[in-house]
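User: I have a model open and would like to go through it with you, piece by piece. Could you keep the cut-offs explicit as we go?
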Amino acid sequence: MLRQDLGFRLWSPHEVTWETSRQLVDYHDALRAMDLHVAQIRLGRSPERVWLLEHPPIYTAGTSADNADLLDARFPVHRSGRGGQFTYHGPGQRVAYVMLDLRQRGSDVRAYVAGLERWMVGALALLGVRGEAREDRVGVWVKRPDQAGEDKIAAIGVRVRHWVSFHGISLNVNPDLSHFSGIVPCGLHGYGVTSLADQGLQVAMADVDRR
């Protein structure tokens, strides 16, 4: 299916290789693999790629991370070159690393990020969850039952090198949400973190992937 998001052509499955890793992938190994693949995409030697995986527990800091937002370094901490601030990756969280040639898609990073948000909103809708994007903060959000606030269910942190994207999104399926308490997720105070399981949905990772 060809997705149209804010005039941005995200992808067609006929043009992009999709890969799923069934075992946990070390974060540093994933970074090295992305670096190599992005270089090959730039040279026209490899197809674009969406890589679905899970990591062992780790905190990663984006280029805007504030050290004060690392509250308890109970897991390894990696200073990443992606955009954004602190986030957590771990089992039960579906990470999608998206490696696309943005030169073929208008060379517009803001439109690309909006496209990723709408991709996640659409996938959540198919699972019966109403996720929403916000103008003033990146990611996908779910309103609390009491309507008194909202929690983040999907985070986005991207990097672009020579107009080829990498890093991507993380969707909380059934991670241990207490692991997020070691950081201020994405540097946003006053917001929580939720998951599909926290929303009452026990969904297999493969079913999430299909959506």
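User: Which residue of strand 12 does A96 stand opposite?

Analyst: A96 stands opposite I169 in strand 12. Before going further, please note that this is a predicted model, in which local features need pLDDT of at least 70 and side-chain atom pairs count only at pLDDT 80 or more, while totals for chains, interfaces and linings use all residues. Residues are numbered from 1 along each chain as its sequence is written, and side-chain values use heavy atoms, with hydrogens and water left out.

User: How many bridges join strand 8 to strand 12, and how do they run?

Analyst: Strand 8, residues 93-99, is joined to strand 12 by five bridges, and the two run antiparallel. Strands here are DSSP runs of E with at least two residues, helices are runs of H or I with at least four, and both are numbered from the N terminus; two strands pair if DSSP finds at least two bridges between them. Another bridge partnership between these strands is that of Q93 with N172 in strand 12.

User: What about strand 4, where does that go?

Analyst: Strand 4, residues 48-53, is joined to strand 8 by five bridges, again in an antiparallel arrangement. In that pairing L52 stands opposite A96, the residue that also faces I169 in strand 12.

User: Is strand 8 buried or exposed?

Analyst: Seven of the seven residues of strand 8 are buried, so strand 8 is largely enclosed by the rest of the structure. Buried means under 20% relative accessible area, exposed means over 50%, and partly exposed lies in between, using a 1.4 Å probe and protein chains only. In a regular strand the side chains alternate between the two faces of the sheet. Both faces of strand 8 are covered, with Q93, V95, Y97 and M99 buried on one side and R94, A96 and V98 buried on the other.

User: And how many residues of strand 12 are buried?

Analyst: Nine of the nine residues of strand 12 are buried, so strand 12 too is largely enclosed by the rest of the structure. Strand 12 also pairs with strand 11 in the antiparallel sense, over eight bridges, and one of the bridge partnerships is that of V160 with S165 in strand 12.

User: What happens at the turn of that hairpin, at H162?

Analyst: The hairpin of strand 11 and strand 12 has two residues between the strands, and H162 takes a positive phi near 50 degrees there. W163, which is in the loop between strand 11 and strand 12, has a positive phi of about 65 degrees although W163 is not a glycine. Most residues other than glycine have a negative phi, and most peptide bonds are trans. At 36% relative accessibility, W163 counts as partly exposed.

User: Where is C186, and what is its phi?

Analyst: C186 is in the loop between strand 12 and strand 13 (192-193), and C186 has a positive phi of about 60 degrees although it is not a glycine. At 19% relative accessibility, C186 counts as buried.

User: Switching to voids: how many cavities of 30 Å³ or more turn up?

Analyst: A search of the whole structure finds two cavities of 30 Å³ or more. On a 1 Å grid over the protein atoms alone, a cavity is a set of points where a 1.4 Å probe fits but cannot get out, and lining residues have an atom within 4 Å of a point. Grid points are joined across faces, edges and corners, and a volume is the space filled by probe spheres set on the points.

User: What lines the largest one, and what is its volume?

Analyst: The largest cavity holds about 70 Å³ of space, and its lining is formed by T87, Q93, K152, I153, A154, A155, S170, N172, F180, P185, C186 and V193. Strand 11 (150-161) and strand 12 (164-172) are the elements that give two or more residues to that lining, with the largest share, four residues, coming from strand 11.

User: And the second largest, which residues line it?

Analyst: The second largest cavity has a volume of about 50 Å³ and is lined by W141, K152, P185, C186, L188, Y191, G192 and V193.

User: Last topic: in what order do strands 5, 6 and 7 form their sheet?

Analyst: These three strands form an open sheet in the order 6-5-7, with mixed pairing. Strand 6 (77-79) and strand 7 (86-89) stand at the edges, each with a single partner strand, so one side of each is left without a neighbour in the sheet. Strand 5, residues 58-61, is joined to strand 7 by four bridges and the two run antiparallel, with I58 opposite H89 in strand 7.

Key. 1 Å grid on protein atoms, 1.4 Å probe; cavity = no way out; pocket = protein on both sides within 12 Å on 5 of 7 lines; lining within 4 Å.
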